[in-house]
Amino acid sequence: MADKVQGMPVIDFGPFLEGAEVEQRAVADQMRQASREWGFFYLAHCGMPADRLAQTFATSKDFFALPTEEKQAVAWQNAESNRGYVGIRRERLDPSRPGDLKEAFNLAPDQSEPGAHKNLWPAAPPHFKAVMNGFLDECIHTADRVLEAFALALDQPVDFFVDAHNRHHHTLRLLHYPPLPEGFQPHDGESRAGAHTDYGSITLLFQDEVGGLEVRTRAGEWIRATPIPGTVVVNTGDLMHRWTNHVFCSTPHRVNVAPEHCHRDRYSIAFFCHPNKDAKITCIDSCTTAENPPIYDSITAGQHLHEKLTDTYGA
Ligand code: CA
């Protein structure tokens, strides 16, 4: 069985990456249970090289330390490209609350299609582009292995999800939550990141040692997803929720402003996986029965994402 930290499962991915079929099956079953009950789990031994991760965090930190004008030179423009720098309070993940106390930088794997959006690369730090492109490759590799386990968990052919994601319409997001001043009193409902669900299929979240992430249980209670060194947090998004007919849940989460950590910088890196824009998201057959018919009509992944992004940015 998976270990538990404050209830949220910790799954060892090593046996999936290196084990025989029976061990892979066991890991997939743990993911199935975790995705049904939580929509979140920690993944240990996910295959991401520790030095690569450390280098990426260091480079992210260097970028956010730049003067605001330099960061604004690569400012986020619109939901369609969804790339570049997003300043503090620009974004409201919970549209009913004030803007979030964080800054972010979005980038994405290069697309070969004509008219594809391009990344906005900052002039500094000088190695930024190379580090981020290298990290993107590692994230794609890790995410594809997780998607294979998900396919197994849902009794689909092993490449079911990987094939639907093979154009890599993913987003990598560097996040910085600046320290809040002593005596800071949040306005009503203000937070480092408001309560939200993720839009896509799965998200990989790499956290530093500063806490703050909270996940809402099915009973409606907020629990802390305390950082565990050497693990990545995996959660399922709205699109997976829809695709699996609510078998795998998309769970609200937020970053709070608790006094024990809100005066420290917090850095995290999220890799949001999205299927190919033209992938048809139709209820997976193992997630429906005569008594439990599909809840949603088919939608393309691109249409789903666009609807979600225009809600968040008020575009
Ligand atoms: Ca999120």
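**Exercise 1. The calcium site**

How are the donor residues of the calcium ion spaced in sequence? Work out the pattern, then find where the two histidines sit and whether they are buried or exposed.

*Solution.* Keep in mind as you go that this is a predicted model.

Step 1. Start with the atoms around the ion. The calcium ion has its protein donors in H196 (NE2), D198 (OD), D198 (OD) and H253 (NE2). These donors lie 2.3 to 3.1 Å from the ion.

Step 2. Now read the donor residues along the chain. Their spacing is H-x1-D-x54-H.

Step 3. Place the two histidines in the fold. H196 belongs to strand β7 (residues 193-196) and H253 to strand β12 (residues 253-255), so this pair ties together parts that are 57 residues apart in sequence.

Step 4. Check accessibility, remembering that buried means under 20% relative accessible area. H196 has 14% relative accessibility, so it counts as buried. H253 has 6%, so it is buried too.

**Exercise 2. The cavities**

Find how many cavities of 30 Å³ or more the structure holds, and describe the lining of the largest cavity.

*Solution.*

Step 1. Begin with the idea behind the search. Rolling a probe the size of a water molecule over the atoms shows where empty space is left.

Step 2. Count. Searching the whole structure gives 4 cavities of 30 Å³ or more. The largest cavity holds about 410 Å³ of space.

Step 3. Look at who lines it. There are 32 lining residues, and those closest to the centre of the largest cavity are L93, R173, H196, D198 and F272. You have already met two of these names: H196 and D198 are donor residues of the calcium ion.

Step 4. Trace the lining back to the fold. Two or more lining residues come from each of β6 (171-177), β7, β8 (202-207), β12, β13 (266-272) and α8 (301-313).

Step 5. Sort the lining by chemistry. It divides into 14 nonpolar, 12 polar and 6 charged residues.

**Exercise 3. The nonpolar cores**

Which residues of the largest nonpolar core touch the most other members? Say also which helix gives the most to this core.

*Solution.*

Step 1. The largest nonpolar core has 60 residues, and M31 and L43 touch the most other members.

Step 2. Helix α5 (residues 128-153) gives the most to this core, namely 15 residues.

Step 3. Zoom in on M31. Setting aside neighbours within four places in sequence, M31 is in contact with I11, F13, F41, L43, V146, A149 and F150.

Step 4. Another core lies apart from the largest one; it has 25 residues, among them L93, L213, V233 and F272. Look back at Exercise 2: L93 and F272 are also among the residues closest to the centre of the largest cavity.

**Exercise 4. Backbone details**

Where in the fold are P125, N82 and H168? Give the backbone feature to notice at each place.

*Solution.*

Step 1. P125 sits in the loop between β5 (103-107) and α5. The peptide bond that leads from A124 to P125 is cis, and its omega is near -5°.

Step 2. N82 is found in the loop between α4 (68-72) and β4 (84-86). N82 is not a glycine, yet its phi is positive, about 50°. With a relative accessible area of 12%, N82 is buried.

Step 3. H168 is in the loop between α6 (160-164) and β6. Its phi is near 55°, again a positive value in a residue other than glycine. H168 has 25% relative accessibility and so counts as partly exposed.

**Exercise 5. Sequence and space**

How far apart are the C-alpha atoms of Y177 and A153, and of A290 and V74? Decide also whether Y177 and A290 are buried or exposed.

*Solution.*

Step 1. Y177 and A153 are 24 residues apart in sequence, and their C-alpha atoms are 35 Å apart in space.

Step 2. Y177 lies in strand β6, and its relative accessible area of 4% makes it buried. Beyond its neighbours within four places in sequence, Y177 has contacts that include L101, R192, V255 and S268.

Step 3. A290 and V74 are 216 residues apart along the chain, with 51 Å between their C-alpha atoms.

Step 4. A290 is in the loop between β14 (280-281) and β15 (299-300). Since its relative accessibility is 74%, A290 counts as exposed.

Definitions and conventions. Residues are numbered from 1 along each chain as its sequence is written. This is a predicted model: local features need pLDDT of at least 70, side-chain atom pairs count only at pLDDT 80 or more; totals for chains, interfaces and linings use all residues. Side-chain values use heavy atoms; hydrogens and water are left out. Donors are N, O and S atoms within 2.8 Å of the metal (3.2 Å for Na, K and Ca); water is not among the atoms, so sites may look incomplete. Helices (H or I, at least four residues) and strands (E, at least two) are DSSP runs, numbered from the N terminus. Buried means under 20% relative accessible area, exposed over 50%, partly exposed in between (1.4 Å probe, protein chains only). On a 1 Å grid over the protein atoms alone, a cavity is a set of points where a 1.4 Å probe fits but cannot get out, and a pocket is an open set with protein on both sides within 12 Å along at least five of seven lines; lining residues have an atom within 4 Å of a point. Grid points are joined across faces, edges and corners, and a volume is the space filled by probe spheres set on the points. Ala, Val, Leu, Ile, Met, Phe, Trp, Tyr, Cys and Pro count as nonpolar, Asp, Glu, Lys and Arg as charged, and the others, Gly among them, as polar. A nonpolar core is a set of buried Ala, Val, Leu, Ile, Met, Phe, Trp, Tyr and Cys residues joined through side-chain atoms within 4.5 Å. Contact means heavy atoms within 4.5 Å.
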